[in-house]
Amino acid sequence: MPADMDLQIVLPDESTDMPAETPAELGVEAERLGFHAVWLPDHLLPPAEYGSTYGGVYEPFITLAHLAARTSRIRLGTSVVILPLRNPVLVAKQVATLDRLSGGRVTLGVGTGWDSTEFASLGVDFAARGRLTDEAIVLIRQLFAGEEPIEKGVFAPRPLGAVPIMVGGHSDRAMRRVAEHADEWQGVDLTPEQFAERVAVIRGLTDRPVRVGIRIGWKDGLDAKTIATQIRELADAGADAVAVHPGPYPTAAARMTALAEATA
């Protein structure tokens, strides 16, 4: 793997049968194996049974706080929090607290969501999700910077440093959101050619130094060498980071070990 590319893990969080301690145990193992970061997905009220599309059984900020207490180096992030479904001031406070507790290891990954049923269940306007996301990112950055945009009240704690904000997705609107607001971008399950095309769009929209990454899934029937080849191809296409979802939790630890060996 290129020395300057980050290899990351998306922790499995799709099974209601998964023991509560499993995400933290896998995170500890990811740190031991040398992975750069771990991510957790988010759904508050998924419209169907939990599965590969509906990750987020365990709430990500609470779970990452538990993991922060058991690790010392690995970065901790959300991939992704559905930001328009959450109060942005509360998200800012949760992230700032987690950043303090973890010693400055947090990346806030956000997205707009995609399922109208989940929004309806929570009483949030699905059509307004893009605007709500943009406004929330701006507000969170202001709170982190100590600008106090709220009429009354004091925001504390502030993060230890600048918390990177990652925007997920690969629609044209997501690309504009990345260009306008993000420190990082994370695409999902794109080919190297598709990834490079989306990166070119981002580079054409902003001169800011936005890191670009991608999240891929380990499909059944593939081995670690095949996944390692996919990672190398994405690195060649310009990826600064590749996050691998190792699949169902019972086999995740073994797959993480195999991947670490295949990419050494």
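Start the tour at strand 8, which gives the lining of the second largest pocket its largest share, four residues. The model on screen is predicted.

**Second largest pocket**

Keep strand 8 selected and add strand 1 (6-10), strand 2 (37-40), strand 3 (75-78) and strand 7; these five are the elements that give two or more residues each to this lining. The pocket has a volume of about 180 Å³. To find its centre, select Gln-8, Trp-39, Glu-184, Arg-211 and Ala-241, which lie nearest to that point among the 20 lining residues. Colour the lining by class and it divides into nine nonpolar, six polar and five charged residues.

**Largest pocket**

Next, go to the largest pocket, with a volume of about 1,100 Å³. Its lining has 42 residues; select Ser-52, Thr-53, Trp-114, Val-188 and Arg-215 to show the ones closest to the centre. Then highlight strand 5 (106-111), helix 5 (129-144), strand 6 (165-168), helix 6 (172-181), strand 7 (184-188) and strand 8 (211-217), the elements that give two or more residues to the lining. By class, this lining contains 14 nonpolar, 19 polar and nine charged residues.

**Aromatic pairs**

The structure holds three aromatic pairs, and two of them are visited here. Select Phe-119 and Phe-126 for an edge-to-face pair, with 5.2 Å from centre to centre and 80° between the planes. Phe-119 is buried, at a relative accessible area of 1%, whereas Phe-126 is partly exposed, at 23%.

Now select Trp-185 and Phe-195. Why does this pair count as stacked? The ring planes stand at 20°, and stacked pairs are those with planes under 30 degrees apart; the ring centres are 5.4 Å apart. Trp-185 belongs to strand 7 and Phe-195 to helix 7 (residues 192-205), so the pair links distant parts of the chain, ten residues apart. Both partners are buried: Trp-185 has a relative accessible area of 1%, and Phe-195 has one of 0%.

**Charges over rings**

Return to Phe-126 and add Arg-129, which lies over the face of the Phe-126 ring, 3.8 Å from the ring centre. Phe-126 therefore has two contacts to display, the edge-to-face pair with Phe-119 and the charge of Arg-129 over its face.

For the last stop, select Lys-93 and Phe-155. The charged end of Lys-93 sits over the Phe-155 ring, 6.0 Å from the ring centre.

Terms used:
Residues numbered from 1 in each chain as written. Predicted model: local features only at pLDDT ≥ 70, side-chain atom pairs only at ≥ 80, totals over all residues. Heavy atoms only, no water. 1 Å grid on protein atoms, 1.4 Å probe; cavity = no way out; pocket = protein on both sides within 12 Å on 5 of 7 lines; lining within 4 Å. Points joined across faces, edges and corners; volume = space filled by probe spheres on them. Nonpolar A, V, L, I, M, F, W, Y, C, P; charged D, E, K, R; others polar. Phe/Tyr/Trp six-rings, centres within 6.5 Å; stacked < 30°, edge-to-face > 60°. Buried < 20%, exposed > 50% of the residue type's maximum accessible area, 1.4 Å probe, protein only. Lys NZ or Arg CZ within 6 Å of the ring centre and 35° of its normal.
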